[in-house]
Amino acid sequence: MRDFEGRPGVALVTGGSGGIGAAVSRHLARRGSMVAFTYRSNAAAADALVAELSTAPATAVPAGRPASRGQPVNPGRANQAQALNPGRADRARPSNPAVVTAARLEVTDADAVAAYVESLVARFGAIHTLVHAAGPHVPMVHLSKVSPAALAEQLNADVTGFFTVAQCALPALRASRGSIVAVTTAATRRYPVRDGLSAGPKGAVEALARGLAAEEGRFGVRVNCVGPGMLTDGMSARLQASGDLDQRALDAAMGNIPLRTFGSADDVAEAVCFLASDRARFITGQKLDVDGGYGV
């Protein structure tokens with residue numbers, strides 16, 4: 001299914017080196033979209049994904065250094081790759097545009113995000129989709145044990161990060177009549193104990209998404225959310241690896257899922273790509289939980 005084939009511009013995916021972000025990038029590329037994804041620190045994973053998705057090594061723009069204040073954002077054709085990936089763009093061929101690019105980006109840095117978005121528009125002509133899948137690891141802990149400072153840090157990472165990227169991308173998305181999909185959590189519908197540090201900020205992201213949907217629809221911009229449930233990869237895998245989810249907790253979670261199975265990042269990516277595609281052209285302001293029925 002080539003939902004994005006022939007659509008002008010690029011899909012921007014934040015958090016592309018993570019389990020869900022990488023799956024979304026793969027699905028978008030396989031459906032015919034050029035993809036520009038960002039990452040925070042895992043350059044090795046970003047480079048590996050670029051290599052995996054590129055049609056040929058010469059067409060890939062490898063992961064670059066952070067977009068910084070004062071970086072040129074509207075360069076000529078000859079140095080556009082240099083602006084997006086300074087220091088490593090010699091491997092790119094400007095005459096043969098990349099299928100996928102990666103760049104390190106701090107999504108709460110408004111100046112850096114604005115510069116990066118502008119550089120994508122200058123290079124690819126348009127941004128047709130924004131998928132926000134960025135977010136730090138969130139430990140499972142009772143809210144009574146969460147300090148105000150820890151909550152503030154999480155709110156900044158999740159809520160400010162989403163709003164910064166969305167606000168900076170809105171002019172481009174209005175021009176393309178594009179869409180935003182925010183990856184949140186199924187826990188905002190049915191609350192699992194010890195998940196408040198994730199569910200609270202993600203609930204704020206969902207409220208902002210609904211607000212953007214209500215206000216930006218007049219410009220043809222759609223905004224939706226996808227809420228992952230228990231997965232075999234992504235955040236759930238990290239929680240298992242850290243010991244936050246032991247076998248007893250996993251068994252209890254499985255018992256609360258009507259389908260009696262855990263999902264995968266690919267399941268989430270399928271939902272994201274559907275909502276970003278023209279097949280969902282009359283859907284906005286909605287949240288689709290991919291949770292095996294956990295929320296019923």
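Two strands pair if DSSP finds at least two bridges between them. Helices (H or I, at least four residues) and strands (E, at least two) are DSSP runs, numbered from the N terminus. The model is predicted: local features need pLDDT of at least 70, side-chain atom pairs count only at pLDDT 80 or more, and totals for chains, interfaces and linings use all residues. Residues are numbered from 1 along each chain as its sequence is written, and side-chain values use heavy atoms, with hydrogens and water left out.

**Exercise 1. Take stock of the whole protein.**

Task: State how many helices and strands the protein has, and what share of its residues is buried.

Solution.
- Start with the elements. There are nine helices and eight strands.
- Next, burial. Buried means under 20% relative accessible area, exposed over 50%, and partly exposed in between (1.4 Å probe, protein chains only). Of the 296 residues, 52% are buried.
- Then contact range. Contact means heavy atoms within 4.5 Å. Take the contacts between residues at least 6 apart in sequence: 77% of them join residues at least 24 apart.

**Exercise 2. Trace the sheet neighbours of β5.**

Task: Find which strands pair with β5, and in which sense.

Solution.
- Locate the strand. β5 covers residues 127-132, and six of its six residues are buried.
- Look to β1 (residues 10-14). Five bridges join β1 to β5, and the two run parallel. Leu12 stands opposite Leu130 of β5.
- Look to β6 (residues 179-183). Four bridges link β5 and β6, again in the parallel sense. Here Thr129 faces Ser179 of β6.
- Follow the chain. From β5 it passes through helix α5 (residues 148-176) to β6, a right-handed β-α-β crossover. Right-handed means that, with the strands pointing away from the viewer, the path from the first strand over the helix to the second runs clockwise.

**Exercise 3. Carry on from β6 to β8.**

Task: Walk from β6 through β7 to β8 and name a bridge partner at each step.

Solution.
- Step from β6 to β7 (residues 222-228). The two are parallel and share five bridges. Ser179 has Arg222 as its bridge partner in β7.
- Check the connection. β6, α6 and β7 form a right-handed β-α-β unit.
- Step from β7 to β8 (residues 287-290). Four bridges pair them in the parallel sense. Gly227 has Asp289 as its partner in β8.
- Check the cover on β7. Seven of its seven residues are buried, so β7 is largely enclosed by the rest of the structure. Arg222, Asn224, Val226 and Pro228 are buried on one side; Val223, Cys225 and Gly227 are buried on the other.

**Exercise 4. Examine Thr129 and Ala166.**

Task: Decide whether Thr129 is buried or exposed, then do so for Ala166.

Solution.
- Thr129 lies in strand β5. Its relative accessibility is 0%, so Thr129 counts as buried.
- List what Thr129 touches, leaving out residues up to four places away in sequence. Among them are Phe4, Arg7, Leu173 and Ala276.
- Add the polar contact (a pair of N or O atoms within 3.5 Å; within protein, one must be able to donate a hydrogen and the other to accept it, and residues adjacent in sequence count only if both atoms are side-chain atoms). The side chains of Thr129 and His128 make one, at 2.7 Å.
- Ala166 sits in helix α5. At 1% relative accessibility, Ala166 counts as buried.
- Beyond residues up to four places away in sequence, Ala166 touches Leu130, Ile180 and Leu212.
- Compare sequence with space. Ala166 and Val223 are 57 residues apart in sequence, and 9.9 Å apart C-alpha to C-alpha.

**Exercise 5. Inspect four arginines.**

Task: Find where Arg177 and Arg194 lie, and which rings Arg174 and Arg190 sit over.

Solution.
- Arg177 is in the loop between α5 and β6. Its phi is positive, about 55°, although Arg177 is not a glycine. At 57% relative accessibility, Arg177 counts as exposed.
- Arg194 is in the loop between β6 and α6 (196-216). Its phi is also positive, near 80°. At 23% relative accessibility, Arg194 counts as partly exposed.
- Now the rings. A charge sits over a ring if NZ of Lys or CZ of Arg is within 6 Å of the ring centre and within 35 degrees of the ring normal.
- The charged end of Arg174 sits over the ring of Phe219, 3.9 Å from its centre. Arg190 lies over the face of Tyr294, at 4.6 Å from the ring centre.
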